[in-house]
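Let's take a walk through this protein, with its sequence and its fold side by side. Keep the viewer open and follow along.

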Amino acid sequence: SFGAADDGVSVIAILQTLRALKAQAPLANDLICLLSDGEEVALLGASGFAQSHPWMKDVGMLLNFDNRGNAGPIMMFEPSAGNRNLITGLATAVPNVVSNSLMYEVYKALPNDTDFTVFRKQGIPGLNFAMIQNISSYHTRYDRADLINPASQQQQGQMMLQLVRHFGEQDLGLFHSQPKVEDSVYFSFPLIGLVHYPAAYALPIALLITGLAIVTFWLTRKTTRLRVLATVAGALSFIVTIIAIGFLSQQAWNLVFKFYPAYLEMHDQDTGHYYLLGILIINAIAFGLLQKLLTRWISMKELAFGTTLVWVGILLFVSYRFPGASFLFAWPLLFVLLSYLYLTVKNISEESSAYAWILLAGAAFSIVLFSPLILLFNIALGFHSLGVPVILFTILLGLLTPLLIWILQEIRARIFLLVSLLAMSLGAIATANFHEAHPI
């Protein structure tokens, strides 16, 4: 490998950051730049510094930059434990950073290591960054400078300089002085930036949303006939659907291998996102039509509250066991429940256009929040684990059941989805071959 993205590009960014810093007044804190070698063979350079360098005792916090691909946004995917003050600083220094605490929860369960691991185990607080798109360049002869995405390179350098300038002026003792600093729940959201709050709030928020779900169900029962057993049946059908769609989607990708055996050697979708979009459209159509079929026996509102019941169960479990992932289920459910509550209190008819617009307003937050995460999981895990982003997508569809049924009642909507599916299929076929930018 030429090592351009892993990790020459970060070395260049460090040198450029030093050049920029020399042109300004000195920082309050000293800055140590460690260009460590031997990372791929047991983290030798970082371990050597941590074990024997006299400067190690002076390290107050760490910013680590590593890459697994040559494109995509620079993500902060791993903070150290007790990260509340670090996340607050990150949100101040780089408000538009791409990050969320779900990545942190997932990464903790993986066996992956970077140089950051060495310092984290030594109790050094810090933040770990990387771009992860186009893994086919990773550790190959295609990891060349001319194939690195210029926007990603620019973003990394800019982010590095902002972070150093911010933390270079902070009292780094704040990250060490408190014996029990808690973690944060955090996530990026367009136009808002990095939303963050203490992880201790996760369970109380979940309990409040559970209370709202109960109140909304009770008020809806006063105006509409809602059967408890039918609602439970709707919840069970939703769980079965999630499992079935996840399994069948994985089998669909296995079918693609029959046509393109070379894909067996690939980890991610360097040939484009057409396959992912096509499979998601198929699932959206199938899920919506299945829910519409179920309305013969279970009313649409019973199905909606059935999926709400599943969401509440997931939310309570995640908030207790994996609080960093709670945001993904708390806030989308909150806004959807508020739309249900408004429709019930105002007694708005399902036949009116206002009904659909209010449902869309309630669903908008979840759509904006989930969409990049579905893509991110596909990039991070690859198509060999396609079932994971598809299951995430299906869980989202469940929350949008009333809106999805309303859309699929329109003939034009069905035609649009089918035409989109055809377009995605043609796009996948057209970009199936490997080439210089997307090698095998």
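## A tyrosine to start from

Where is the place of Tyr340? You'll find Tyr340 in helix α11, which spans residues 327-345. Helices here are DSSP runs of H or I with at least four residues, strands are runs of E with at least two, and both are numbered from the N terminus.

Is Tyr340 buried or exposed? Tyr340 is buried, because its relative accessible area is 8%; buried means under 20%, exposed means over 50%, and partly exposed is what falls in between, using a 1.4 Å probe and protein chains only. Setting aside residues up to four places away in sequence, Tyr340 touches Thr216, Ala304, Phe305, Thr308, Leu359, Leu399 and Pro402 (contact means heavy atoms within 4.5 Å). One of these partners, Ala304, sits 36 residues away along the chain, with 9.5 Å between the two C-alpha atoms.

## How far to trust the model

This is a predicted model, so local features need a pLDDT of at least 70 and side-chain atom pairs count only at 80 or more, while totals for chains, interfaces and linings use all residues. Residues are numbered from 1 along each chain as its sequence is written, and side-chain values use heavy atoms, with hydrogens and water left out.

The average pLDDT (the predictor's confidence in each residue, from 0 to 100) is 91 for the protein, and 96% of the residues score at least 70. Confidence peaks in helix α6 (residues 150-167), at 97, and is lowest in helix α15 (residues 411-430), at a mean of 84. As a rule, where pLDDT is low, the predicted coordinates should not be read in detail.

## The nonpolar cores

The largest nonpolar core holds 87 residues. A core here is a set of buried Ala, Val, Leu, Ile, Met, Phe, Trp, Tyr and Cys residues joined through side-chain atoms within 4.5 Å. The residues with the most contacts inside the largest core are Ile209, Trp253, Tyr275, Trp311, Phe327, Leu328 and Leu333. Helix α12 (residues 353-381) gives the most to this core, with 12 residues. There's also a second, separate core of 29 residues, and Ala13, Leu127, Ile148 and Leu194 are among them.

Want to look at Trp253 in detail? Leaving out neighbours within four places in sequence, Trp253 is in contact with Tyr263, Tyr275, Phe383, His384 and Leu386. Helix α12 is also home to Ser366. That serine counts as buried because its relative accessibility is 0%. Apart from residues up to four places away in sequence, Ser366 touches Pro332, Leu396, Leu399 and Leu400.

## A greasy spot on the outside

On the surface, Val228, Val232, Leu236, Ile239, Ile243 and Leu309 form a nonpolar patch, with about 520 Å² of accessible area together. Patches are made of residues with over 30% relative accessible area and no salt bridge; nonpolar side chains (Val, Leu, Ile, Met, Phe, Trp, Tyr) are joined within 5 Å, and like charges within 9 Å. The areas come from the Shrake-Rupley method with a 1.4 Å probe, and for residues only the protein chains shown count as cover.

Helix α8 (residues 228-259) gives the most to the patch, with 5 residues. Leu236 has its place in that helix, α8, and counts as exposed because its relative accessibility is 52%.

## Salt bridges

How many salt bridges does a search of the whole structure find? It finds 5, where a salt bridge is a side-chain nitrogen of Lys or Arg within 4 Å of a carboxyl oxygen of Asp or Glu. In general, side chains of opposite charge can pair when their charged atoms come close.

One of them joins Glu78 to Arg120, with the closest N and O atoms 2.4 Å apart. Glu78 lies in strand β2 (residues 75-79) and Arg120 in helix α5, so this pair ties together parts 42 residues apart in sequence. Glu78 is buried, with a relative accessible area of 3%, whereas Arg120 is partly exposed at 31%. Another bridge links Glu302 and Arg227, at 2.9 Å between the closest N and O atoms. Glu302 is in helix α10 (residues 300-321) and Arg227 in the loop between α7 (202-223) and α8, so the bridge ties together parts that are 75 residues apart in sequence. Glu302 is buried, with a relative accessible area of 1%, while Arg227 counts as partly exposed at 31%.
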